[in-house]
Amino acid sequence: MSAHTAWRTTFHLRFRDFDYLGHMTATSYLAFFEEARVAWLVEGACVAQPAYVVARQEIEFEREVLPGDGPVTLTIEPIGRSAHRVDVREELRGADGTLRARSTATLVMWDREARRSRAISDAERRLFGG
């Protein structure tokens, strides 16, 4: 499934992304990964409002992000899927290309009305590799 080229986007850093130690907060990493996933699904699956839940996410912090390290680039690559979910590998890099954090996440496609998982759509299947 990794035959896909990783999708990428860039975000500017915001004042609220930093804590009193002067580096990016852990919650900001989560927010950037989430914003990137939504943009990836909107663009790649052609949906206005992607419907999924994060069932699992693991982040490895490699190097701190400081205010001067932006803009940051995030990449997303599907690495596995089943009938209802996709596993993704994500990276966050500083403007200089240095890896700052990597994430693996399991996204479960969600039916808003039934309040439960749903099957991956055809457009999502193409995006996820197959």
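**Group meeting: salt bridges, core and loops**

I will start with a pair of charged residues, Glu34 and Arg37, which form a salt bridge whose closest N and O atoms are 2.8 Å apart. This is a predicted model, so please take every value I mention as computed from it. Both Glu34 and Arg37 lie in helix α1, three residues apart, which is about one turn of the helix. The two partners sit in unlike surroundings, in that Glu34 is partly exposed, with a relative accessible area of 31%, whereas Arg37 is at 1% and therefore counts as buried.

How many salt bridges does a search of the whole structure find? It finds 13, and I would like to show you two others among them. In one of these, the side chains of Glu35 and Arg14 meet at 3.1 Å, N to O. Glu35 belongs to helix α1 while Arg14 is in the loop between β1 and α1, so this pair ties together parts that are 21 residues apart in sequence. Glu35, at 32% relative accessibility, counts as partly exposed, and together with Arg14 and Asp17 it is linked in a network of salt bridges. The other pair is Arg118 and Glu124, with the closest N and O atoms 2.7 Å apart, and here Glu124 is buried, at a relative accessible area of 5%.

Let me turn to the nonpolar core. In soluble globular proteins, nonpolar side chains tend to be buried together. The largest nonpolar core in this model has 28 residues, and those that touch the most other members are Met24, Tyr29, Trp40, Leu74, Leu92, Leu107 and Phe128. Two or more residues come from each of β1, α1, β2, β3, β4, β5 and α2, and it is α1 that gives the most, with seven residues. If we look at Met24 and set aside residues up to four places away in sequence, it touches Leu13, Asp17, Phe18, Tyr29, Phe32, Val65 and Leu92.

The loop between β2 and β3 deserves a closer look, and Leu66 lies in it. Leu66 is partly exposed, at 33%, and, beyond its neighbours up to four places away, it touches Leu13, Phe18, Gly22 and His23. Leu66 and Leu13 are 53 residues apart in sequence, yet their C-alpha atoms are 9.2 Å apart in space. Arg63 also has its place in the loop between β2 and β3, and at 48% relative accessibility it counts as partly exposed, because the exposed class begins only over 50%. With neighbours within four places left aside, Arg63 is in contact with Tyr29, Thr98, Leu99 and Arg100.

I will finish with the backbone. Most residues other than glycine have a negative phi, and most peptide bonds are trans. Where, then, is a cis peptide bond found? One joins Gly70 and Pro71, with omega at about 0°, and Pro71 is again in the loop between β2 and β3. As for phi, Cys46 has a positive value near 55°; this residue is in the loop between α1 and β2 and is exposed, with a relative accessible area of 68%. Arg115, which is not a glycine either, has a positive phi of about 60°; its place is the loop between β5 and β6, and it too is exposed, at 56%.

Notes:
Residues numbered from 1 in each chain as written. Predicted model: local features only at pLDDT ≥ 70, side-chain atom pairs only at ≥ 80, totals over all residues. Heavy atoms only, no water. Core = buried A, V, L, I, M, F, W, Y, C linked by side-chain atoms within 4.5 Å. Buried < 20%, exposed > 50% of the residue type's maximum accessible area, 1.4 Å probe, protein only. Helix = DSSP H or I, 4+ residues; strand = E, 2+ residues; numbered from the N terminus. Contact = heavy atoms within 4.5 Å. Salt bridge = Lys/Arg side-chain N within 4 Å of Asp/Glu carboxyl O.
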